[in-house]
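Let's take a walk through this fold together, strand by strand and then into the interior. Keep the model open beside you as you read.

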Amino acid sequence: MSALSIINVDAVRAAPLAHDPYRYVLGEQVLRPEAIDEIKRDFPAIAKPGYLTVDEVRLTGRFKDLIDELESDDFSRVLGEKFGVDLVSCPRLTTIMRRSQPKYGAIHTDGPSKVLTLLVYMNDAWDAPEAGRLRVLYDGERYEPYAVEVPPTMGTMFAFLRADNSWHGHRPFEGERRVVQVAWVKDAAELERKRKRNRTAQFLKGIFGR
């Protein structure tokens, strides 16, 4: 029996697995409606832009419960079954962003140390017609054409298997853009390297304001 009470496992399982141009899943309403108000209330009051690891953020209440579920073996098993890979044995790195800057969203594939990346968005609405909407792309040069565009609205989930062609990105956006990212990585040493790299980046932002 699943211990997941905030994540809507049925919605995750029902989301179709796409294969072109790489393997990804776009799901909606993956957070249970009865938990949303409390998750919004408990979302960390992060002043810094960019992603912070969970070690750098004070987690409380139902938001902490959500992070625990996203990092759990139960959820790794559900997502792994969807993609046909073993995620339970993979270390997990979870990061949280509240504020975006225009320089974010550059087209990339994610590094080869990652197995799978998950994004769960937590914004009530999204009025920007293009900015801040992640796109599944065909190459590393252009935002168009694209296979799918992901609205960063409450309860939307985007997950993909990292590949040499797993191009994705979004047009520049500045302002509040709430998202939780979970990366399943290949080994614990790489996990610690990523944590240190993220802490260093945040430290430099604090000094130079960039």
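β3 and strand β4 (residues 92-100) run antiparallel to one another, paired over three bridges; strands count as paired here if DSSP finds at least two bridges between them. Within that pairing, Tyr51 has Met97 of β4 as its bridge partner. The element names come from DSSP runs, helices being H or I over at least four residues and strands E over at least two, numbered from the N terminus. This is a predicted model, in which local features need pLDDT of at least 70 and side-chain atom pairs count only at pLDDT 80 or more, while totals for chains, interfaces and linings use all residues. Residues are numbered from 1 along each chain as its sequence is written, and side-chain values use heavy atoms, with hydrogens and water left out.

Now zoom out to the sheet. It is open, has seven strands and follows the order β1-β2-β8-β5-β10-β4-β3, with antiparallel pairing. β1 (17-18) and β3 (51-53) each have a single partner strand, so one side of each lacks a neighbour in the sheet. Helix α3 (residues 61-70) packs on this sheet, where it touches β4, β5 (114-121) and β10 (175-185); touching, or contact, means heavy atoms within 4.5 Å. The directions of α3 and β10 make an angle of about 30°, taken between N-to-C directions on a scale from 0 to 180 degrees, with axes fitted to C-alpha atoms, for helices over the stretch in contact.

What follows α3? Ser72 sits in the loop between α3 and α4 (73-83). Ser72 is buried, at a relative accessible area of 18%; the cut-offs are under 20% for buried and over 50% for exposed, with partly exposed in between (1.4 Å probe, protein chains only). Leaving out residues up to four places away in sequence, Ser72 touches Leu4 and Arg92. Leu4 is 68 residues away from Ser72 in sequence, yet their C-alpha atoms are 8.8 Å apart.

Leu4 turns up again as a contact of Phe75, alongside others including Ile7, Val12 and Trp184. Phe75 is also one of the residues that touch the most other members of the largest nonpolar core, which has 41 residues. Such a core is a set of buried Ala, Val, Leu, Ile, Met, Phe, Trp, Tyr and Cys residues joined through side-chain atoms within 4.5 Å.

Finally, look at α2. Its buried residues are Ala35, Ile36, Ile39 and Asp42. They cover an arc of only 140° around the axis, so they lie on the same side of α2; the arc is that of the directions from the helix axis to the C-beta atoms. α3 is among what covers them, whereas exposed Pro33, Glu34, Asp37 and Arg41 are on the face turned away.
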